[in-house]
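Got your viewer open? Load the model and follow along, one selection at a time.

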Amino acid sequence: SDVYKRQVKELNKKSYDLRFENIERGLRLNQIAFCQAKKFNDDTLFSLIYSARGVLFKNREQFDSAAIFTIMSLRIREKLGDSNEIAKSFNNLGSIYYESGQYRKALSYYNKTLIARIQLDQYDRISRTYNNLGNTYDQLKLTDSAIYFYEKGLAYNEADPNDINDINLN
């Protein structure tokens with residue numbers, strides 16, 4: 001059973017890896033992974049498959065479908081209590097809404113991402129989240145807010161991650 005689950009995970013990873021070069025093939029592989037995963041009724045597998053499908057649809061610019069599958073993945077991850085994967089889902093939703101021009105929704109999810117990543121102490125990802133917030137505020141023509149978040153992101157990039165006193169976020 002574990003061997004087959006690992007094979008389904010690998011198939012899903014292959015589908016995700018095709019997200020730029022061959023989205024249609026990626027979606028086909030994702031569907032095969034989904035059909036195989038149904039045999040195990042494993043929520044972790046389903047969350048991974050739905051997440052990959054969301055990314056594939058986002059890259060195909062089918063944002064409504066992307067959001068639906070990403071939210072399906074998020075709900076499973078919340079049920080499982082997987083904080084790291086929940087943060088990824090929040091970020092993916094922010095990205096979907098950003099790319100579809102729904103900047104207020106993007107802000108909402110990027111803020112959720114930031115809170116989750118701070119709680120998880122995901123130092124390297126916090127700066128990227130600040131940058132995502134800056135980009136979103138920039139799209140909204142809120143320059144002062146954009147600059148604020150860009151500066152926050154730079155502070156994280158320039159600081160020593162092992163020395164919390166080296167981070168100046170005032």
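This tour goes from the whole chain down to the largest pocket.

Start with everything shown as cartoon, and keep in mind that this is a predicted model. You should find eight helices and zero strands, so colouring by secondary structure will not tell you much here; try a ramp from the N terminus instead, along which the elements run α-α-α-α-α-α-α-α. Now show only the C-alpha atoms: along the principal axes, they fill a box of roughly 50 × 35 × 30 Å.

Next, switch on a surface for the protein chain. About 9,600 Å² is exposed, and carbon and sulfur atoms supply 46% of that area. Select the buried residues and you pick up 45% of the chain's 170 residues. If you draw contacts between residues at least 6 apart in sequence, 48% of them join residues at least 24 apart.

Now for the pocket. How much space lies in the largest pocket? About 650 Å³. To centre your view, select Tyr16, Ser51, Val55, Lys88 and Asn92, which are the closest to the pocket's centre among the 21 residues that line it.

Then bring the helices back. Helix H1 (2-17), helix H3 (43-59), helix H5 (83-99) and helix H7 (123-139) are the elements that each give two or more residues to this lining. Pick out H3 in its own colour: with six residues, H3 gives the most to the lining.

Last stop: colour the pocket lining by residue class. You'll get ten charged residues, six polar and five nonpolar.

Notes:
Residues are numbered from 1 along each chain as its sequence is written. This is a predicted model: local features need pLDDT of at least 70, side-chain atom pairs count only at pLDDT 80 or more; totals for chains, interfaces and linings use all residues. Side-chain values use heavy atoms; hydrogens and water are left out. On a 1 Å grid over the protein atoms alone, a cavity is a set of points where a 1.4 Å probe fits but cannot get out, and a pocket is an open set with protein on both sides within 12 Å along at least five of seven lines; lining residues have an atom within 4 Å of a point. Grid points are joined across faces, edges and corners, and a volume is the space filled by probe spheres set on the points. Helices (H or I, at least four residues) and strands (E, at least two) are DSSP runs, numbered from the N terminus. Ala, Val, Leu, Ile, Met, Phe, Trp, Tyr, Cys and Pro count as nonpolar, Asp, Glu, Lys and Arg as charged, and the others, Gly among them, as polar. Buried means under 20% relative accessible area, exposed over 50%, partly exposed in between (1.4 Å probe, protein chains only). Contact means heavy atoms within 4.5 Å. Accessible areas come from the Shrake-Rupley method with a 1.4 Å probe; for residues, only the protein chains shown count as cover.
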